[in-house]
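Here are two exercises to work through with the model open in your viewer. Try each task before reading its solution.

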Amino acid sequence: MAAEIHSRPQSSRPVLLSKIEGHQDAVTAALLIPKEDGVITASEDRTIRVWLKRDSGQYWPSIYHTMASPCSAMAYHHDSRRIFVGQDNGAVMEFHVSEDFNKMNFIKTYPAHQNRVSAIIFSLAAEWVISTGHDKCVSWMCTRSGNMLGRHFFSSWASCLQYDLDTQHAFVGDYSGQITLLKLEQNTCSVITTLKGHEGSIACLWWDPIQRLLFSGASDNSVIMWDIGGRKGRTLLLQGHHDRVQSLCYLQLTRQLVSCSADGGIAVWNMDVSREEAPQWLESDSCQKCEQPFFWNIKQMWDTKTLGLRQHHCRKCGQAVCGKCSSKRSSYPVMGFEFQVRVCDSCYDSIKDEDRTSLATFHEGKHNISHMSMDIARGLMVTCGTDRVVKIWDMTPVVGCSLATGFSPH
């Protein structure tokens with residue numbers, strides 16, 4: 001069941017409104033029901049539940065449905081009240097929820113994958129259900145006929161998905177750290193491009209169709225913003241998490257990015273500032289500051305009768321430097337480095353105190369977060385994870401009260 005949290009609003013951090021407990025295993029997805037005091041959850045315990053807030057302030061399950069296989073992903077379309085649940089066995093099941101959210105009717109099963117479903121998106125306009133899975137593919141199926149329309153395979157597990165409803169472009173992140181941009185057609189698809197920048201598997205994606213920005217979070221603890229619409233290949237690196245980035249939401253109205261990590265970290269990034277791209281790392285056989293040879297530069301080591309040094313890189317200028325010439329550490333938020341990173345001595349001297357002013361706020365969710373979603377119009381956020389707990393947060397103290405203007409996500 002759920003406990004109502006009575007806490008005074010704080011001006012600088014998310015306010016925990018409610019805690020929902022009752023699942024017997026990890027909660028893989030939790031979605032807020034727009035314009036309702038309700039939450040839909042899916043869990044590894046093979047249940048999908050709809051929780052409604054009662055007069056007591058607590059959330060109680062109005063729907064409790066047991067599936068044949070653990071639930072691994074979920075999508076909800078509020079206007080049609082259709083729920084799509086992905087399972088560990090590869091199937092996607094569609095349900096229709098009654099207007100009072102007290103009854104749920106089974107519609108059909110889609111044999112979408114041969115292995116665990118990792119993400120689902122429903123397009124009402126196309127009447128497609130698009131999904132990714134651990135069978136290394138993205139599939140799209142017709143919700144009218146239930147037939148498979150197309151599949152595209154990758155070299156590794158497909159882990160997350162975003163979709164542009166207008167252009168029918170799909171973004172698929174995978175375990176190799178690559179993001180593939182696909183153009184989906186009725187029975188075929190074409191690869192537009194691939195994006196490579198992360199050093200770990202892609203865990204989450206968020207697509208903003210208005211500014212045409214793609215955000216990706218990965219197991220390398222970082223977030224990358226890809227300026228798809230800018231056509232200049234501009235990317236911004238955001239480093240502030242200390243664990244795998246599991247979920248993202250971009251607030252287009254206030255130009256803020258909310259990201260959550262596995263250790264419970266919640267970050268709110270100010271994207272309404274002029275940020276700098278992190279430089280490409282330069283390669284050299286010797287330190288680009290003192291010219292001492294690196295340990296593989298046998299010839300210079302022999303000629304100068306010196307021991308080879310280990311190569312490092314300055315995060316601000318990208319130059320290859322030795323440890324002695326990069327002994328200092330500094331944050332540099334304008335380039336996305338919110339915590340202390342290695343910089344060369346000359347770059348350290350060029351960084352002013354005001355350059356170290358943080359461009360993000362960091363908060364503790366105090367539980368494992370594997371999935372997060374937001375009701376942007378109300379400034380609410382729901383988080384869930386392996387600790388079986390679902391938390392509902394008021395994010396308006398952090399992201400601004402201007403959210404309550406009727407703006408809603410795409």
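The exercises below use a predicted model and go from a strand to a domain interface.

**Exercise 1.** Work out which strands pair with β33 and how the two faces of β33 are covered.

*Solution.*
1. Begin with burial, where the cut-off is under 20% relative accessible area. Five of the five residues of β33 (390-394) are buried.
2. Next, sort the residues by face. In a regular strand, side chains alternate between the two faces of the sheet. In β33, V390, I392 and D394 lie on one side, K391 and W393 on the other, and all are buried.
3. Now look for partners. β2 (residues 15-20) pairs with β33 in the antiparallel sense over five bridges, and β32 (residues 380-384) is also antiparallel to β33, with five bridges.
4. Finally, follow W393: its bridge partner in β2 is L16, while M381 stands opposite W393 as well.
5. To close the picture, β32 and β33 form a hairpin with five residues between them, and R388 in the turn has a positive phi of about 70°.

**Exercise 2.** Describe the interface between domain 1 and domain 2.

*Solution.*
1. Set the bounds: the domain assignment gives domain 1 as 13-278 + 357-397 and domain 2 as 296-353.
2. Count contacts: 17 residues of domain 1 touch nine residues of domain 2.
3. Take the area: about 1100 Å² is buried, with 53% from carbon and sulfur atoms. In domain 1, Q239, E276 and T357 lose the most area, together 46% of what that side buries.
4. Check the polar side: the rule finds zero salt bridges, but seven residue pairs in polar contact.
5. Assign elements: β22 (235-239) and β30 (360-364) each give two or more residues to the domain 1 side, and the largest share, three residues, comes from β22.

Key
Residues numbered from 1 in each chain as written. Predicted model: local features only at pLDDT ≥ 70, side-chain atom pairs only at ≥ 80, totals over all residues. Heavy atoms only, no water. Buried < 20%, exposed > 50% of the residue type's maximum accessible area, 1.4 Å probe, protein only. Helix = DSSP H or I, 4+ residues; strand = E, 2+ residues; numbered from the N terminus. Pairing = 2+ DSSP bridges. Domains from an automatic or database assignment. Contact = heavy atoms within 4.5 Å. Buried area = accessible area lost by both parts, 1.4 Å probe. Salt bridge = Lys/Arg side-chain N within 4 Å of Asp/Glu carboxyl O. Polar contact = N/O pair within 3.5 Å; in protein donor to acceptor, adjacent residues only side chain to side chain.
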